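Got the viewer open? Let's take a short walk through this model, one selection at a time.

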Amino acid sequence: MPTLTIDGKQVTVEPGTTVIQAAEKLGIFVPRYCYHPGLTIAGNCRICLVEVEKAPKLQIACNTPCADGMVVHTQSSKVNQGRASVLEFLLINHPLDCPVCDQSGECDLQNFYMQYGLYDARFQEQKQKKPKAVPLGPTVMLDAERCVLCSRCTRFTDEITRTGELGIFNRGDKAEVGLYPGKTLDNKYSGNVVDICPVGALTDRDFRFKARVWYLSSAPSICTGCSQGCNIDVHYVIDRPHLAEGARIMRLKPRYNPDVNKWWMCDEGRYGYKFVDENRIRQVSHRGQAVSWEDAYSSLAASLARFKSDGRLNEIGILPSAQQTNEELFLVRKLFKEGLGIKNCDIQVPSPAGTSDGFLIKPDKNPNTMGAALIGFPGASKPLKSTNGSSASGHIFDKALSGEIRALWVFGHDLVKLFGEEKVKALAASLELFVFQGSNDNGTARYAHWVLPSAVFAENDGTFVNVSGWVQRIKPCFAPLADSLPDAQVLLELARRIGISLSFKSAEEVFNALAAEMPAFGGLTYERIGLQGARVHQKEPAAR
Amino acid sequence: MQIKKRELTFWEKIYLPEIFRGVWITSVHFFRNLAIHTAHRFGLLKNVRAGVTFQYPENPRPLFPRLRTRHRLTVREEGTPRCVGCMLCETVCPAKCITIVAGEHPDPNVEKYPVRFDIDLGVCVYCGYCVEVCPEDAIRMDTEILDVAAYSRAEMKLDMHELMNPQLRKPVKECTLKFPHKCAIHGGELRGDWRFVYGKNPEQIREEGWKEIQELSGKEH
Amino acid sequence: MMADLAIKLGLIGIFIAGFVLNVGGLHAWVERKQSALMQDRIGANRAFIILPWRWAAPINWLLRPLNVLGLFHPVADAVKMFTKEDFIPPKGDRFLHTLAPFVSMFFALAAFAGIPFGDRLVLGERVIELQIAKIDIALLYIFAMLSLGVYGVILAGFASKSNYALLGSLRASAQMISYEIALGISIIGVILIYGTLDMQEMVRAQGKLLFGFLPMWGIFLQPVAFFIFMAAALAETKRIPFDLPEGESEIIGYFVEYSGMKFGIFFMVDFIETVMVACLMTTLFFGGWQVPYLYPDGFHFPWGGVIPVNSLVYVLAGVASFTVKVLFFCWLFMTVRWTLPRFRYDQLMTLGWKVLFPISLVNVVLTALAVLVYKVVI
């Protein structure tokens, strides 16, 4: 266990640790281009120079193993001089593209130049011309002139995706990143090369020219694309509606979580945010007429009360969704299952098996299947292949078709996609009450009697449980669009009108009640979940 | 800072002589100007000015070269704006009167250009930061247009037509810009085509841009 | 009888409508142009009439000087005033609100009845006094009329039902009443010297010579009273530097709720009162219609020359002299108005009560003593 001193602070590290990792442990930041904790060490950018006492020259922190008694200086004048020289060398052929470059504002060349460079340019020769604005694939654009040849992207395709599309070609100042002949950068994780590119060489075609990065606000969240629950940062703009046709979310970026997704996320999740601003349901409507929430609450509460007083509670069917947060599912359970005593309340729908790979992409495309199962909707974890249309299958939809169920409340599911338009049309004609509560306009919203707009993940507060049992928090980034409201808020108001006492004021209070009631969540709070999540007690529910 | 008040003398205190002095000064101006004006009527003393007034619309006052007046966008040879849509002016604008939407320029050597560039003069404070900050010398405030007035807020908004051609005044009747852009005339719809500017398809322009880069880099790619 | 009436109406027409109102109206133009000249500007010159037709060229040539001088601006003002919305505050008193400017205007004009603007004109057998109303106590009458002017101010402030207007009118009436005292006392000296309240007699008395060469004008006999009167009269007419009641744009005055021609009337009253004060100054201190050394039969110079003059010419010379003197004072007031800054309200009150009032009292006492000594000695 070597013990070394970095900038006067002592640290003991595992053998084989490099100086840059030891410095990281002390909270000392060493500039880097080629070094990335998720990739192998290349040591070719030379910006991470540090001064090691008794060593003749400056050493690169990323590839110098720690040794006992080593004394390292990361901020001495010699180090800064060395870094400035390295930077000058890296920037020799770098074009003055900052105005048109999407990376500017989060570019490490800019950052380190302001920190260590600040020299006057001495290069008077002609800069090397290299390919510009070359699409490498559906998601990534290459500008070879801006590249500092750190090789992070080639290492990513070699080591993480193992697809090996990218390589560095030619020599000297003509060296440039490019595709191997006949290949395109179209693997399922291609967007990550943009994240790891420290400069503007690889930019995101989806984000290209949409906004400047300094316009963006960021909020931590969880990807809802599949049950992996990758940690993300939502980058959004709300004060410049002229950008990107008024969309609020500009891009998603993966957020480091060692237990879930490390530094990466898949392209499906990365570009799957469009539904937040597109095709949203903007207002409450009843049979095509826009109505107020007030009307909807009183009317729906009256309908439910009528079913109850007529003793026809078994004619109500509730179809919650594994897209909903734990808090919302808990409220669905409290209100419909326990409060009203509705038995036909199941999350199970026939869903086609999604694609998956051995890395981040999971076949189950719902973010909270695990949570739903823990809260008491076990159907979610064993998806139906299909229904045969008869009530024998026992599925709520079939019961509704056969007339056994007269009122149907659907959360988010698109029944038209699942069962076909004809059946839903027939169902809408025969049902007494057909409520669709969801965020985006779809076939079901077209046929439902009541359409209640609900908030999407970026507007909602709550928690999801991912496939391996990590409880992770989503936080509201901005206010719900137009009239839409978080499901939890709607359910609580409805409960108050029906007369079921659920006196929660926030998602956090709901979660605390949930944690007190459900052993799997026992002892968890939002504070404990934090930004990195917390694991549920999986053993206990299995034992029962 | 301490302001020292001067003690008034006795004659100043009794006020009357000071009144006479004041009336004397103003009267001298009055009679001098009256005489000069009268002389001017008879074509005399033409080189002596009786008033400092500029008869504004007919004889505007000479403007100083560094005066900040209405904005304009500088234009490339082929009639597209020099602006590359970096949005630095939009960022720096303290009044938030500039709105830019950037788009993809087919020529990889240019890369980016403004699809929409609006300045709301009703909000602008004429600070000139946009000119200071522009890395491309694409926006200037040297049109010497001072009489910015309109009957509605909407008319105070300049789009690329007025900015690229300062002679244009609202209402602009027809859209004269050829490259793809969004302007108020078409209600913010994307109009125009690169073919009208370069006589080639965007793909062709892109290919030629890459070819140019290859030639400059001196090797086959 | 009818002839007398016709003559009176003729006098009114000539003096009030022909002279006072015109001079008052032109003040609006003078105010602009004179201030412009004093401040090295050009002044308003954008209201002009140019007929577009070819045949109208001679008319245009005739209109040219008026256009150049900006003389159409008062006309434009009037058009503007008449076409503006005549606003009456919803809670104000409609009748009194409308009445107030007319009260002001009426008393300002009525005061002119006592001003003599020429010697008696003899046409055949008829003797016409060039004074609208021959009143023995014309001076008292004029002062009574001027004092009544404050009612217009009070009414305007009161009928507007606006706190600001009411406060403005209180401010105005306090000022007018304060300065009326100094104004009244300052002329007692003049009355003592000339021994009459009849304005015409007073003017005649000023025709005599002092020490054989100096006309016995009020300015020479009562210089102190002249300055006090001038200051107090400026304050009375609410002109700068005493324009606190109005303070056109900075201080809210009593006519803040007035618009259109009613506001215009207040403005006109202001100018007419200026003319009034100029007339009074002329009459009391500058020998009225007197021309130095001119007597009904001609000029009698102190150094012994005599130039005989026709009696009609003599009367007309008197009228001309009166006119010139009045216009001079109008010019002087305008010059003072564009030279001095405004007083603060406490300074205004201090000046009125602590300076002008005691000085005028002392002046009266000294004058009385001097008159007594003079009477006893001679």
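Start where chains B and C meet: select 13 residues of chain B and you have the ones in contact with 12 residues of chain C. Now colour the chain B side by residue type: 6 are nonpolar, 7 are polar and none is charged. Keep in mind as you click around that this is a predicted model.

Next, switch to chain A and show it as a cartoon. You should find 17 helices and 23 strands. Zoom out until the whole chain fits: its C-alpha trace spans about 90 × 50 × 40 Å along the principal axes. Of its 544 residues, 48% count as buried.

Now for a sheet in chain A. In what order do its 5 strands line up? Reading across, you get β2-β1-β5-β3-β4, an open sheet with mixed pairing. As a reminder, strands in a sheet pair through backbone hydrogen bonds, either parallel or antiparallel.

Select β2 (9-12) and β4 (59-60) of chain A, the two edge strands. Each has a single partner strand, so one side of each is left without a neighbour in the sheet.

Stay with β4(A) and add β3 of chain A, residues 49-52: the two pair in the antiparallel sense over 2 bridges. Show the side chains here and look for V50(A), which stands opposite Q59(A) in β4(A).

Last stop: select helix α2 of chain A, residues 77-90. Which strands does helix α2 lie across? They are β3 and β5 (71-73) of chain A, and the helix runs at about 150° to β3(A).

How values were computed: Residues numbered from 1 in each chain as written. Chains lettered and ligands numbered in written order. Predicted model: local features only at pLDDT ≥ 70, side-chain atom pairs only at ≥ 80, totals over all residues. Helix = DSSP H or I, 4+ residues; strand = E, 2+ residues; numbered from the N terminus. Buried ≥ 20, exposed ≤ 12 C-beta atoms within 10 Å, placed from the backbone. Pairing = 2+ DSSP bridges. Contact = placed C-beta atoms within 7 Å. Axes fitted to C-alpha atoms, helices over the stretch in contact; angles between N-to-C directions. Nonpolar A, V, L, I, M, F, W, Y, C, P; charged D, E, K, R; others polar.
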